[in-house]
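Please look through the structure below before reading on. The paragraphs that follow start at one residue and work outward to the sheet, the core and the aromatic rings.

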Amino acid sequence: MYKGEGSASLRGRIVNNLNLPVEGATIISRDQKYFATTNAKGQYRISRIAEGSYSFTISCPGYTPVDQVINFTAGTASTANVELTNVMKKVA
């Protein structure tokens, strides 16, 4: 969990295509100021986000990364639940 200088927050759950939690997924803003890592239940939370619009990348080894833009207003709590897709591997 990261605490910035604002008063907005972001929380959510990251799952795979079977709706199972993805542990160890990272959620990081493009400016690398705000970040979190999911727990065993696939949950994360980032507190004290400054008001504004941020682009986040959600990634985990073995899954295709997802980019998402989220707008924050001071004093609000936002939720971003994301489904990650397994990276397809070629079998020779």
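In which loop is N16 found? N16 sits in the loop between β1 and β2. The model is a predicted one, and what follows is read from it. N16 has a relative accessible area of 9%, and because the limit for buried is under 20%, N16 counts as buried. Beyond four places in sequence, N16 touches V22, Y63, E83 and L84. One of these contacts, Y63, is 47 residues away from N16 along the chain, yet the two C-alpha atoms are separated by 8.5 Å.

The chain as a whole can now be set out. It has 92 residues, with ten strands and zero helices. Along the sequence the pattern is therefore β-β-β-β-β-β-β-β-β-β. Buried residues account for 37% of the chain. Of the contacts between residues at least 6 apart in sequence, 54% join residues at least 24 apart. The exposed surface comes to about 5,700 Å², and carbon and sulfur atoms supply 51% of that area.

Next comes the pairing of strands. An open sheet is formed by four strands in the order β3-β2-β5-β7, with antiparallel pairing. β3 and β7 each have a single partner strand and stand at the edges, so each has one side without a neighbour in the sheet. From one strand to the next, the twist averages 20°. Within this sheet, β2 and β5 run antiparallel and are joined by four bridges. In that pairing, I28 stands opposite T57 in β5.

The nonpolar core comes next. In soluble globular proteins, nonpolar side chains tend to be buried together. Here the largest nonpolar core has 22 residues, and the members that touch the most others are L10, I14, I46, I49, F56, F72 and L84. Strands β1, β4 (43-49), β5 (52-59) and β7 (66-72) each supply at least two residues of this core. F56 shows what such a position looks like in terms of contacts. Leaving out residues up to four places away in sequence, F56 touches L10, I27, I28, S29, Y34, I46, V66, D67, Q68, I70 and F72. Among these, L10, I46 and F72 are also on the list of core members that touch the most others.

Which residues do ring pairs link into a cluster? The cluster consists of Y34, Y54, F56 and F72. The structure holds four aromatic pairs. In the pair of Y34 and Y54, the ring centres are 5.2 Å apart and the planes lie at 85°, so the pair is edge-to-face. Y34 is in the loop between β2 (26-29) and β3 (35-37), and Y54 is in strand β5, so this pair ties together parts that are 20 residues apart in sequence. Both Y34 and Y54 are buried. Y54 also pairs with F72; this pair is tilted, at 5.8 Å centre to centre and 55° between the planes. Y54 in strand β5 and F72 in strand β7 are 18 residues apart, and their pair links distant parts of the chain. Y54 has a relative accessibility of 14% and so counts as buried. F72, at 3% relative accessibility, counts as buried too.

F72 also leads to two serines. S9 belongs to strand β1, which covers residues 8-15. Is S9 buried or exposed? With a relative accessible area of 8%, S9 is buried. Apart from neighbours within four places in sequence, S9 is in contact with R45, I46, S47, I49, F72, T76, A77 and S78. The last of these, S78, is found in strand β8 (residues 77-79). S78 has a relative accessibility of 15% and so counts as buried. Beyond four places in sequence, S78 touches S9, L10, R11, I70, N71 and F72.

The contacts of the two serines bring the earlier parts together. S9 touches I46, I49 and F72, and I46, I49 and F72 are among the core residues that touch the most other members. S78 touches L10 and F72, which are also on that list. F72 itself belongs to the ring cluster with Y34, Y54 and F56.

How values were computed. Residues numbered from 1 in each chain as written. Predicted model: local features only at pLDDT ≥ 70, side-chain atom pairs only at ≥ 80, totals over all residues. Heavy atoms only, no water. Buried < 20%, exposed > 50% of the residue type's maximum accessible area, 1.4 Å probe, protein only. Contact = heavy atoms within 4.5 Å. Core = buried A, V, L, I, M, F, W, Y, C linked by side-chain atoms within 4.5 Å. Phe/Tyr/Trp six-rings, centres within 6.5 Å; stacked < 30°, edge-to-face > 60°. Areas by Shrake-Rupley, 256 points an atom, 1.4 Å probe, with all protein chains shown as cover. Pairing = 2+ DSSP bridges. Axes fitted to C-alpha atoms, helices over the stretch in contact; angles between N-to-C directions.
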